[in-house]
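Colleague: I'd like to learn how to read a model like this one. Could you walk me through it?

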Amino acid sequence: MIIATRLRLLVIALWVGSLWTIGYLVAPTLFMTLADRVLAGTIAGKLFRVEAWLSVVMSLLTFGLIAWSVTTSRARTWMLRLTGMMLACTLIGYFGLQPMMAALREAASGGVFSPDARMQFGILHGVASGLYLIQSVLGIVLILKNDQVGIRA
């Protein structure tokens with residue numbers, strides 16, 4: 001079962017590492033590097049789409065690995081809750097808020113938002129960014145919690 005524990009840590013680390021890399025390194029670099037903000041946003045959006053699906057897959061793997069390899073019920077419960085909260089952040093942020101933001105973008109004539117649409121987009125983007133930050137921090141907690149749990153004999 002040591003292999004299961006190591007595999008669990010690897011999956012969680014890859015998941016959390018991808019969140020931090022895309023959200024806090026790649027996306028900001030796109031906006032700093034590309035003069036065309038629409039293009040930067042389009043590329044970032046595609047990367048966040050891949051990240052969202054990766055998060056769904058990694059959360060399912062993590063759920064299974066926790067159920068299979070975590071021995072104490074208290075640790076298992078905490079880790080499952082953390083994983084569930086991270087998955088909820090993805091489902092709400094990407095699959096809930098992002099389609100509303102995309103609809104606002106499509107409705108903008110020539111890429112120019114009306115004042116109301118700009119405010120609504122800003123609010124949605126802020127909430128989505130906040131959820132992403134929460135998910136990123138929960139991921140660090142999950143990594144640290146993973147280090148504290150035992151394995152089944």
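Modeller: Happy to! Keep in mind that this is a predicted model. Starting at the N terminus, the elements follow the order α-α-α-α.

Colleague: How many helices and how many strands does the protein have?

Modeller: There are four helices and zero strands. Along the principal axes, the C-alpha atoms occupy a box of roughly 60 × 25 × 20 Å.

Colleague: What share of the contacts with a separation of 6 or more comes from residues 24 or more positions apart?

Modeller: Here a contact means heavy atoms within 4.5 Å. For this protein, the share is 78%.

Colleague: And the surface: which atoms supply 72% of the exposed area?

Modeller: Carbon and sulfur atoms do, out of about 8,900 Å² that the protein exposes. As for burial, 37% of the 153 residues count as buried.

Colleague: Let's zoom in on one residue. Is Ser-59 buried or exposed?

Modeller: The cut-off helps here: buried means under 20% relative accessible area. Ser-59 has a relative accessible area of 0%, so this residue is buried. You will find Ser-59 in helix α2, which spans residues 37–69.

Colleague: Which residues does Ser-59 touch, leaving out those up to four places away in sequence?

Modeller: With those set aside, Ser-59 touches Trp-15, Thr-83 and Leu-87.

Colleague: One last feature, the charges. How far apart are the mean positions of the positive and negative ones?

Modeller: The protein has 12 positive and 5 negative charges, and their mean positions lie 16 Å apart.

Definitions and conventions
Residues numbered from 1 in each chain as written. Predicted model: local features only at pLDDT ≥ 70, side-chain atom pairs only at ≥ 80, totals over all residues. Heavy atoms only, no water. Helix = DSSP H or I, 4+ residues; strand = E, 2+ residues; numbered from the N terminus. Buried < 20%, exposed > 50% of the residue type's maximum accessible area, 1.4 Å probe, protein only. Areas by Shrake-Rupley, 256 points an atom, 1.4 Å probe, with all protein chains shown as cover. Lys, Arg positive; Asp, Glu negative; His and termini not counted. Charge placed at Lys NZ, Arg CZ, Asp CG, Glu CD.
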